[in-house]
Amino acid sequence: MIEIKTTGVNLVNGAPVDAAADLTAEAKLAGREKTMAYKIMRAHDSSDDPKTMKIKFDSMVSHDLTYVGIIQTARASGMEKFPLLTTLTNCHNSLCAVGGTINADDHVFGHSSCVKYGGDFVPAHVAVIHQYAREEMAKCGGMIIGSDSHTRYGAFGCMGFGEGGGELVKQLLSKTYDMAAPEVVLVYVTGKPHPGVGPQDVAIALVKHTFDAGVVKNRILEFVGPGVKYMSVDYRFGIDVMTTETACLSSVWETDELVNKWLTAHGRAQDFTELRPEEGAYYDRVVHIDMDKVEPMIALPFHPGNAVTIREFKANMEKYVDAIMADAEKKIGKAAKNTDLRSKIRDGKFYVDQAVVAGCSGGTFENLYRCNQIMQGKPIGDSAFEMSFYASSEPVYFELEKAGIPANLVRTGATFRTSFCGPCFGAGDTPCQNGFSIRHTTRNFPNREGSKPTNGQLSFVALMDARSIAATALNGGVLTGADELPNPPEEVPVEYGYDALLYKQRVYHGWQNAKPEESLRQGPNIVDWPAMDSMADNLLLSVASAIYDPVTTTDELIPSGETSSYRSNPIKMSEFTLSRRDPEYVGRAKAMQAMEADRKAGRANAEMDRMCAAAGVSADELKNTGIGSLVFAVKPGDGSAREQAASCQKVLGGWANITQEYATKRYRGNCVNWGMLPFVMDDAVNSGMAVGDIIYLPGVRKALMEDKTDIAAVWVHEGQKQAIVLHLPALTSDERDIIVAGSLINYNRG
């Protein structure tokens with residue numbers, strides 16, 4: 001199905017050939033310049049050093065969970081108008097059902113921002129962020145940055161980067177996205193997908209073979225090969241959007257006549273360019289996907305990479321169910337004891353409770369078309385099993401409507417919803433207690449389905465392709481792979497029209513038409529960022545949370561779902577930090593924040609005296625020593641790009657993370673942009689660092705300004721003081737200045 005080679009290759013006559021073992025670093029870099037990825041990035045790169053890149057994007061996209069904070073940060077930093085095409089969509093808080101008026105207040109703020117600063121505004125229920133970008137923005141050879149981790153438009157030969165809000169702010173301030181020139185991985189595609197095998201099956205298989213091994217982390221994926229031509233454009237971007245779950249940096253595909261036809265149908269023939277790597281292009285690694293061998297897959301709780309074939313799962317249900325429950329107890333604790341997935345196994349069959357096809361990965365025209373082909377209007381029955389569909393945009397829905405597909409799907413007993421991302425992050429279709437939901441969406445992390453384990457509520461999500469979800473619904477909720485159907489539909493091209501009038505009638509197009517005299521409309525929940533101190537000469541920090549899980553997701557750092565309505569209020573939002581993983585964190589962080597207030601005011605504080613004595617901080621040193629908190633986690637930051645995973649720690653007085661490694665570049669970048677030290681610790685996983693430990697960093701400000709990467713520290717653990725060294729690898733000069741300033745806002749204000 002998928003094979004991986006971790007040594008370099010050259011592309012010769014369209015196929016990978018082992019590169020010379022003694023290839024120099026210079027030769028490798030020269031070979032990367034022949035890849036599509038490098039040609040696109042270099043066209044947007046202003047760096048004079050070939051080993052680094054300073055990227056300016058063509059456009060940016062942001063949605064209503066993130067754009068308020070981004071705009072607030074940018075305007076606090078001096079932005080007067082949007083300097084690049086900026087599109088704000090409203091697909092995450094679009095239900096406007098939680099927290100009174102505050103979700104709709106965000107939408108009004110977004111619209112007024114587009115009027116004032118000159119942007120495009122897509123109202124609620126009109127399109128999910130990535131489908132709008134596909135239909136109206138992505139072009140061959142282009143680059144788009146988005147505040148959503150699934151910003152991926154590689155199927156169009158357009159490189160998408162999902163990043164935290166700080167990186168979008170930099171673009172709004174006409175600054176650059178800086179990175180070391182990345183490695184490129186060849187994804188070599190051969191064969192043709194079997195009937196019943198959809199893009200999510202391929203994507204899940206890809207994540208399974210790459211994420212845990214880290215073989216494509218922070219690298220660019222470049223899709224090439226004879227198998228590409230057998231995939232429609234919808235099929236390609238169904239795979240491409242899920243590359244985020246491999247932890248890659250971005251992705252790009254070769255383009256062909258199918259892409260040309262798709263763009264032409266969308267009125268954008270001028271945006272097509274045929275893209276192919278040059279002969280001899282060098283790739284650092286190879287992932288070979290043999291489409292002939294891909295089977296229907298299921299990604300079991302609690303990660304898209306926790307995957308097996310549906311055939312294998314059904315053959316060993318008890319084993320896999322027991323493994324899920326063991327993982328649940330380890331991750332979630334006592335809430336898992338209130339559940340029993342063995343109850344889903346009856347008469348040798350596995351029964352699911354819910355099915356959802358939604359969002360940028362699931363709600364595409366072809367996925368819903370295939371569901372209709374499979375279900376044929378047959379009822380899903382009157383059991384507790386339920387099913388819902390969400391079209392990814394109004395143009396997609398309109399084309400489906402012309403073909404009678406929504407009527408046919410509703411006739412089965414399923415429901416059809418508007419364009420909304422809620423089921424992807426826990427704000428819609430939350431299953432019942434102990435419920436098992438199968439979804440063609442992007443993620444199945446703990447709590448992404450909306451359960452609240454801290455309240456004893458727990459349900460489970462597995463990811464599957466829409467085709468197998470439809471087959472399961474046809475079988476009354478009994479888990480079924482689409483390849484088990486007597487005649488699964490062929491993946492033949494589907495004629496798809498596009499009516500741009502649907503956007504012209506409703507979308508506000510303000511790009512290059514800023515109206516600075518207009519006022520922003522701010523509801524009571526839209527709050528400016530609090531003042532943040534610059535870094536003191538020394539730092540005295542307490543470990544406010546210590547997490548030894550192999551990976552800590554951004555959903556655990558700052559929950560999705562019910563917190564979404566407070567994303568425009570950094571003070572209220574911070575109250576949710578780590579609430580599902582370490583509920584005591586906020587209180588501990590606030591105690592350190594209060595201690596810092598006492599230090600500044602010269603007030604006595606017995607705990608401060610104890611910490612100073614333990615770490616050896618003199619009274620004179622304390623005058624120039626900032627006090628705060630830090631989070632220790634083995635590998636934090638997998639998942640969403642949302643900056644609040646870091647900004648909430650900063651709002652609570654956080655100054656650092658200490659890790660074995662960072663799960664994603666974007667989370668590390670979020671820490672930096674919010675003025676937190678992104679430390680790496682040798683053998684952190686076995687360190688024993690614990691809540692309440694003290695880290696004293698004498699002279700840390702000076703060390704940063706002197707470009708030191710090894711920072712001397714004092715660690716107090718169980719009353720014992722020891723000298724340690726913490727590392728700050730690959731910090732750029734700008735990143736050091738941002739941390740010393742205390743935040744990107746302070747840095748930009750000067």
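This section walks through the packing of one helix pair, the cysteines, an exposed strand residue and some backbone features of a predicted model.

A good place to begin is the pairing of helix α13 (residues 365–375) with helix α17 (residues 466–474). Their axes lie 9 Å apart and meet at an angle of about 30 degrees. That angle makes α13 roughly parallel to α17, since angles under 35 degrees fall into this class. The crossing of the two helices is right-handed. On the α13 side, the contact is formed by E366, N367, R370, C371, I374 and M375, which meet A466, R467, A470, A471, A473 and L474 of α17. Sorted by class, the residues of this contact comprise 8 nonpolar, 1 polar and 3 charged.

Helix α17 deserves a closer look in its own right. The helix is mostly covered, with 8 of its 9 residues buried. These buried residues are A466, R467, S468, I469, A470, A471, T472 and A473. Several of them, including A466, R467, A470, A471 and A473, also appear in the contact with α13. The cover over the buried residues of α17 is not provided by α13 alone: it includes the helices α7 (199–210) and α10 (310–315) as well as the strands β20 (354–357), β21 (386–390) and β23 (436–440). Just after α17, the backbone at G476 adopts a positive phi of about 70 degrees.

Turning to the cysteines, the structure holds 0 disulfides. C140 takes part in no such bond, and the nearest cysteine sulfur, that of C158, is 8.3 Å away. With a relative accessibility of 10%, C140 counts as buried. For C648, the closest cysteine sulfur belongs to C671 at 12 Å, which is too far for a bond, because a disulfide calls for two cysteine sulfur atoms within 2.5 Å. C648 is likewise buried, and its relative accessible area is 1%.

A712 offers a contrast in exposure. This alanine sits in strand β33 (residues 710–717) and is exposed, with a relative accessible area of 51%, where the class begins over 50%. Beyond its neighbours within four places in sequence, A712 is in contact with L697, P698 and I724. L697 is itself the last residue of strand β32 (694–697). V308, by comparison, is separated from A712 by 404 residues in sequence and by 45 Å in space, C-alpha to C-alpha.

Some features of the backbone complete the picture. The peptide bond from P301 to F302 is cis, with omega near 15 degrees. F302 belongs to the loop between β16 (297–299) and β17 (307–309).

Positive phi values also turn up at residues other than glycine. One of these is L578, with phi of about 55 degrees, in the loop that joins α20 (570–574) and α21 (585–601). At 1% relative accessibility, this leucine counts as buried. Another is D683, whose phi is near 50 degrees. D683 lies in the loop between β31 (677–680) and β32 (694–697). Its relative accessibility of 41% places D683 among the partly exposed residues. The two loop residues thus share a positive phi, whereas L578 is buried and D683 is partly exposed.

Key:
Residues are numbered from 1 along each chain as its sequence is written. This is a predicted model: local features need pLDDT of at least 70, side-chain atom pairs count only at pLDDT 80 or more; totals for chains, interfaces and linings use all residues. Side-chain values use heavy atoms; hydrogens and water are left out. Buried means under 20% relative accessible area, exposed over 50%, partly exposed in between (1.4 Å probe, protein chains only). Helices (H or I, at least four residues) and strands (E, at least two) are DSSP runs, numbered from the N terminus. Contact means heavy atoms within 4.5 Å. Axes are lines fitted to C-alpha atoms, for helices over the stretch in contact, and angles run from 0 to 180 degrees between N-to-C directions. Angles under 35 degrees count as roughly parallel, over 145 as roughly antiparallel, 65 to 115 as roughly perpendicular and the rest as oblique. A crossing is left-handed if the near helix is turned anticlockwise from the far one by less than a right angle, and right-handed if clockwise. Ala, Val, Leu, Ile, Met, Phe, Trp, Tyr, Cys and Pro count as nonpolar, Asp, Glu, Lys and Arg as charged, and the others, Gly among them, as polar.
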